[in-house]
Amino acid sequence: MNDSSWGAPQGAGYRGAPEMGAAPAGPAYDVHGAQQTRPMPIVPDVPDAGRDADDRDDRNRDAARVSGPLFRDEKPQEPMSTPLPPPPPKKRAGRDLRAAIGVGVALGALVAGSLFVVKAVFVGVVVLAVVVGLWELTSRLKERKGINAPLVPLAVGGAAMVVAGYVREAEGAWVAMALTALAVLVWRMTEPPEGYLKDVTAGVFAVFYVPFLATFVAMMLTADDGAWRVLTFLLLTVVSDTGAYAVGWRFGTHKLAPRISPGKTREGLFGAVGFAMVAGALCMEFLIDGGSWWQGLLMGLAVAASATLGDLGESMIKRDLGIKDMGTLLPGHGGIMDRLDSLLPSAPVVWLLLVLFVGSG
């Protein structure tokens, strides 16, 4: 506050003294009439409130002019209220595509060369794939589950089944399968009885899953146009897998079986069906004697279904075993069984449809 608030005009006596002759009032005199004085507190001058507000406004305007845009047409940048969301991650393939393509081309060249040069050599390629597939399957069962499915009778019997299917067709394949299952039961008897039931059960399952289904490929080869039948079978299965991968990778959003194989989508299944049906129509029209395009459409649909089920079936096995791949023999692909998963269940489907459509040849 200023001095005027105390009621003493400027220049009247010493600072803080009452005017001469003025009646004392209040606590300035005590009860005996003696004048009591008290010094006025020294209070710093407070600037006028209105002027101070005006000065602050002027300073704010000056600061705005300094911090604002340098040119009239320049707009001040407003602070960003919320951070921008990160860009969506790019879809990437789960495997080394270069290695996968290189291995696929090499396998295709091996199959085509043996298929159209000497049929017996192609049968040997099938036998080799069966034996390696059995080795991978039994090894993973032993490592992850402690199941000792006997490999020796499986490998020998599996090779005999493929050869019997090529030489004696269906009858030979059934007889060889029965003998192989019996050999598994007997071979396991040479070891302690603990775990016998689970070991022989796994062995009989392996007999059916790998060599028996592969036998239908050898049986297709026995026809006059057997090489073209096998080629049709291989093309339809590969095209189905390719269509599922391409369409599912690009457009896949709805999971097909997330508990079994999280990477497979319904869109990928539609891609497999579409690609396989087109390939089937072309193959039946131009590769198979007496075939028709509409038969190829049905065959393509059936192969897409069987290949997808075979892929899901092996994924179920790997889920149970807690592994990603059955092996590491093929860079970019995994193991042999990871390539046979869709081929094995498709072989009897193609063999049966070809027999129904154009005969056994």
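In which helix do Phe-205 and Tyr-209 both lie, and how many residues apart are they? Both lie in helix H5, which covers residues 196-221, and they are four residues apart, about one turn of the helix. The model described here is predicted.

**Aromatic pairs**

Across the whole structure, a search finds seven aromatic pairs. One of them is formed by Phe-205 and Tyr-209, whose rings are stacked, with 5.4 Å centre to centre and 15° between the planes. The two members of this pair fall into separate accessibility classes: Phe-205 is partly exposed at 38% relative accessibility, whereas Tyr-209 is buried at 11%.

Trp-294 and Phe-357 also pair, with ring centres 6.0 Å apart. Their planes stand at 65°, and an angle over 60 degrees counts as edge-to-face, so this pair is edge-to-face. Trp-294 belongs to helix H8 (residues 293-321) and Phe-357 to helix H10 (residues 343-358). With their positions 63 residues apart, the pair links distant parts of the chain. Trp-294 has a relative accessible area of 42% and is partly exposed; Phe-357, at 22%, is also partly exposed.

The accessibility values of these four ring residues, with that of Thr-215, are listed below.

| Residue | Relative accessible area | Class |
|---|---|---|
| Phe-205 | 38% | partly exposed |
| Tyr-209 | 11% | buried |
| Trp-294 | 42% | partly exposed |
| Phe-357 | 22% | partly exposed |
| Thr-215 | 0% | buried |

Phe-357 counts as partly exposed because its 22% is not under 20%, the limit for buried.

Ring pairs also build a cluster, which is made up of Trp-174, Phe-208, Phe-212, Phe-216 and Trp-351. Elsewhere, a charged side chain meets a ring: Arg-250 lies over the face of Phe-251, 5.1 Å from the ring centre.

**Thr-215 in helix H5**

Helix H5 also contains Thr-215. What does Thr-215 touch, not counting residues up to four places away in sequence? Its contacts under that condition are Met-161, Val-162, Gly-165 and Ala-173. Thr-215 is buried, with a relative accessible area of 0%.

**The strand pair**

Strand S1 (residues 255-257) and strand S2 (residues 261-265) run antiparallel and are joined by two bridges. Ala-257 has Ser-261 in S2 as its bridge partner. The connection from S1 to S2 is a hairpin of three residues.

Conventions:
Residues numbered from 1 in each chain as written. Predicted model: local features only at pLDDT ≥ 70, side-chain atom pairs only at ≥ 80, totals over all residues. Heavy atoms only, no water. Pairing = 2+ DSSP bridges. Phe/Tyr/Trp six-rings, centres within 6.5 Å; stacked < 30°, edge-to-face > 60°. Buried < 20%, exposed > 50% of the residue type's maximum accessible area, 1.4 Å probe, protein only. Lys NZ or Arg CZ within 6 Å of the ring centre and 35° of its normal. Contact = heavy atoms within 4.5 Å.
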